[in-house]
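Please open the model in your viewer and keep the sequence panel beside it, since each stop on this tour begins with a selection and then says what is found there.

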Amino acid sequence: MKKDILLVEDNLLNQKLVITILKKAEYSFDIAQNGLEAVKKASQKRYRMILMDIQMPHMDGLQATRHIRKYECINGINPTPIYAVTAYTEDYDVERFFEAGINDFIRKPFTFRQLIDFIKKD
């Protein structure tokens, strides 16, 4: 089953790890280097899901999620599942994720199997 995924990640090492996993699982994907790029790409193409890093330069993952949600609302588009990919999973962080419009999260570091299982549950 192919899924069109937008990976939003500024760290090249993390990008390479997720790209390797997505390629091995034969998922199709695009990459955004930061939140600004994510908002632009999400407004130009419909994705089955967005894997959103939280800490990024220019625009963080929470700001990007809010902008994407606003764009979807204004344009009458069904919300794209957005999943935080982050090391920050304290209760306070998780509350902020959900308030911004993030659907769920996976904690870094993760294994190949954990990421694939996480993606498959959507």
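Begin by selecting R46, which sits in the loop between helix 2 (35-44) and strand 3 (49-53); bear in mind throughout that this is a predicted model. Is R46 buried, exposed or partly exposed? With a relative accessible area of 41%, R46 counts as partly exposed, because that value lies between the 20% below which a residue is called buried and the 50% above which a residue is called exposed.

Next, show the surroundings of R46, leaving out residues up to four places away in sequence: the residues that R46 then touches are D4, E72, I77, N78 and T80. Two of these deserve a distance label, for the side chain of R46 reaches the backbone oxygen of N78 at 2.8 Å, and a polar contact of 2.9 Å joins the side chains of R46 and T80. If you also select Q33, you will find that R46 and Q33, 13 residues apart in sequence, are 18 Å apart in space when taken from C-alpha to C-alpha.

Keep R46 selected and turn to the empty space in the model. Rolling a probe the size of a water molecule over the atoms shows where such space is left. The structure holds 1 cavity of 30 Å³ or more, and the volume of the largest cavity is about 50 Å³. To display its lining, select V39, A42, S43, R46, H67, I68, Y71 and E72. The elements that give two or more residues to this lining are helix 2 and helix 3 (61-74), with helix 3 supplying the largest share, 4 residues. Colouring the lining by class would show 4 nonpolar, 2 polar and 2 charged residues.

From the cavity, move on to the largest nonpolar core, which has 20 residues, and select L6, V8, I50, M52, F97 and I102, the members that touch the most other members. Strand 1 (4-8), helix 2, strand 3, helix 3, strand 4 (82-86) and helix 4 (91-100) are the elements that each give two or more residues to this core. Within that selection, centre the view on M52, whose contacts, leaving aside neighbours within four places in sequence, are V8, A38, G61, A64, T65, I68, I82, Y83, A84 and V85.

For the last stop, select I19, L22, Y27 and I116, which are among the 18 residues of a second, separate core.

Conventions: Residues numbered from 1 in each chain as written. Predicted model: local features only at pLDDT ≥ 70, side-chain atom pairs only at ≥ 80, totals over all residues. Heavy atoms only, no water. Buried < 20%, exposed > 50% of the residue type's maximum accessible area, 1.4 Å probe, protein only. Contact = heavy atoms within 4.5 Å. Polar contact = N/O pair within 3.5 Å; in protein donor to acceptor, adjacent residues only side chain to side chain. 1 Å grid on protein atoms, 1.4 Å probe; cavity = no way out; pocket = protein on both sides within 12 Å on 5 of 7 lines; lining within 4 Å. Points joined across faces, edges and corners; volume = space filled by probe spheres on them. Nonpolar A, V, L, I, M, F, W, Y, C, P; charged D, E, K, R; others polar. Core = buried A, V, L, I, M, F, W, Y, C linked by side-chain atoms within 4.5 Å.
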